[in-house]
Amino acid sequence: MKEKIILLFIGLLVFQGSYSQPAEVSRHSWADSVLHQMSLDEKIGQLFMIAAYSNKNENYENELEKQIRQYHVGGLIFFQGKPTQQIKLTNRYQKAAKYPLMIGMDAEHGVGWRLETAMEFPKMLTNGAIRKDSLIYALGATIARHCQELGVHVNFAPVVDINSNPRNPIIGMRSFGEDPEEVTQKAILYAYGSLSQNVLPVIKHFPGHGDTDTDSHHTLPVIPHSRQRLDSVELYPYQHLIEAGIPAVMVSHLAVKSIDSTGIPASLSSPIIQGLLRRELNFSGLCFTDAMNMKGVTQNSQPGEAEVKALLAGNDMLLFPANLGK
């Protein structure tokens with residue numbers, strides 16, 4: 001079922017320009033036919049989105065193309081490099097893939113956050129102060145258009161974390177602000193702007209990374225709050241964004257003991273993903289993990305163990321696995 005959801009989205013990209021029949025019918029038919037012919041290894045490969053860089057050497061590029069062919073990966077998430085080289089590599093890797101690759105980026109305040117010489121807008125805390133909401137819609141649409149020009153289908157944005165902890169080492173300026181209602185409104189407009197250009201917005205970092213004083217890239221942050229507090233602050237944007245039809249969520253590597261008393265990362269927690277996100281909040285879209293090479297999820301796991309747990313917990317796609325071969 002996870003592979004079918006992913007293929008349906010890829011099918012939407014394939015049939016965007018088709019007028020011979022409704023795109024909804026076309027992509028469902030395409031996804032069914034492709035899924036039917038896939039081997040088990042190919043289906044498994046579709047669950048992975050691996051890292052890609054456009055500022056490496058030829059050996060790196062050849063090795064990445066080899067991984068695409070060998071493991072049948074579902075997508076790439078690009079990081080450092082330059083726009084022209086990324087376009088060149090995207091075309092190369094798409095040709096190497098048996099099935100269309102889903103291409104993603106963290107283009108939160110513009111593709112220039114990741115790529116040299118590319119357009120970069122003010123960070124989201126600055127945008128959160130804008131009173132003319134139509135500008136936030138235009139921002140989301142413009143960033144999405146820049147993504148399209150690069151061949152990027154998925155923007156892992158907007159950040160909907162509430163900027164409630166001044167000691168937070170990783171969110172800060174990436175948040176629209178400290179008011180849950182303002183953050184929610186700005187995020188909806190940004191996401192709708194992105195969707196207007198057929199680029200998938202992914203809201204993050206569920207269930208809320210704003211009130212942490214540690215970085216999940218290096219350790220596992222713990223959110224100590226009660227469920228009542230979570231509902232009024234951290235979870236507030238997700239409830240309303242899901243009601244607004246937002247199609248994708250990224251799950252973070254955070255321990256939230258008021259929801260899952262075991263203290264495992266949210267990205268590995270069935271009570272948080274299946275219980276809270278899917279059943280309570282009624283989310284039926286795509287569920288991505290945060291990068292699976294981060295210490296917040298790998299520090300107590302053997303190679304490959306966290307990835308299996310993340311899929312069993314209910315995620316649809318795994319980002320940036322630490323070791324694809326394992």
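Is Arg131 buried or exposed? At 57% relative accessibility, Arg131 counts as exposed. The close-ups below start from other spots in this predicted model and come back to that arginine later.

**View 1. Helix 7 packs against helix 8.**
Here we're looking at helix 7, residues 133–149, alongside helix 8, residues 180–196. Their axes sit 7 Å apart, and the packing angle is about 40°. That angle falls outside the roughly parallel class, which stops under 35 degrees, so the two helices are oblique to each other. As for handedness, the crossing of helix 7 and helix 8 is right-handed. On the helix 7 side, the contact is made by Asp133, Ile136, Tyr137, Leu139, Gly140, Ala141, Ile143 and Ala144. Helix 8 answers with Gln185, Lys186, Leu189, Tyr190, Tyr192, Gly193, Ser194 and Ser196. Sort the residues of this contact by class and you get 9 nonpolar, 5 polar and 2 charged.

**View 2. Asp133 of helix 7, zoomed in.**
Asp133 is one of the residues in the contact just shown. Which residues does Asp133 touch once its neighbours within four places in sequence are left aside? They are Gln185, Lys186 and Leu189. Take Leu189: Asp133 lies 56 residues from it in sequence, yet the C-alpha to C-alpha distance is 7.4 Å. With a relative accessible area of 28%, Asp133 is partly exposed.

**View 3. Helix 10 meets helix 8.**
Now for another partner of helix 8: helix 10, residues 236–243. These two pack at about 35°, with 9 Å between their axes, and their crossing is right-handed. From helix 8, the residues involved are Pro180, Glu181, Thr184, Ala187 and Ile188. From helix 10, they are Tyr236, Pro237, His240 and Leu241. By class, this contact has 6 nonpolar, 2 polar and 1 charged residues.

**View 4. A salt bridge joins Arg131 and Glu182.**
Back to the arginine from the opening. Side chains of opposite charge can pair when their charged atoms come close. In this pair, the N to O distance is 3.4 Å. Where do the two partners sit? Arg131 belongs to the loop between helix 6 (124–127) and helix 7, while Glu182 is in helix 8. The pair links distant parts of the chain, 51 residues apart. Arg131 is exposed at 57% relative accessibility, whereas Glu182, at 31%, counts as partly exposed.

**View 5. Glu149 and Arg145 pair up within helix 7.**
The side chains of these two residues, Glu149 and Arg145, form a salt bridge at 3.4 Å, N to O. They are 4 residues apart in helix 7, which means a separation of about one helical turn. Arg145 is partly exposed, with 39% relative accessible area.

**View 6. Arg114 and Asp106 share a salt bridge.**
For this pair, N to O comes out at 3.0 Å. Buried or exposed: which is Asp106? At 9% relative accessibility, Asp106 counts as buried. Arg114, with its 24% relative accessible area, is partly exposed. Step back for the wider tally: a search of the whole structure finds 18 salt bridges.

Methods: Residues are numbered from 1 along each chain as its sequence is written. This is a predicted model: local features need pLDDT of at least 70, side-chain atom pairs count only at pLDDT 80 or more; totals for chains, interfaces and linings use all residues. Side-chain values use heavy atoms; hydrogens and water are left out. Axes are lines fitted to C-alpha atoms, for helices over the stretch in contact, and angles run from 0 to 180 degrees between N-to-C directions. Angles under 35 degrees count as roughly parallel, over 145 as roughly antiparallel, 65 to 115 as roughly perpendicular and the rest as oblique. A crossing is left-handed if the near helix is turned anticlockwise from the far one by less than a right angle, and right-handed if clockwise. Contact means heavy atoms within 4.5 Å. Ala, Val, Leu, Ile, Met, Phe, Trp, Tyr, Cys and Pro count as nonpolar, Asp, Glu, Lys and Arg as charged, and the others, Gly among them, as polar. A salt bridge is a side-chain nitrogen of Lys or Arg within 4 Å of a carboxyl oxygen of Asp or Glu. Buried means under 20% relative accessible area, exposed over 50%, partly exposed in between (1.4 Å probe, protein chains only).
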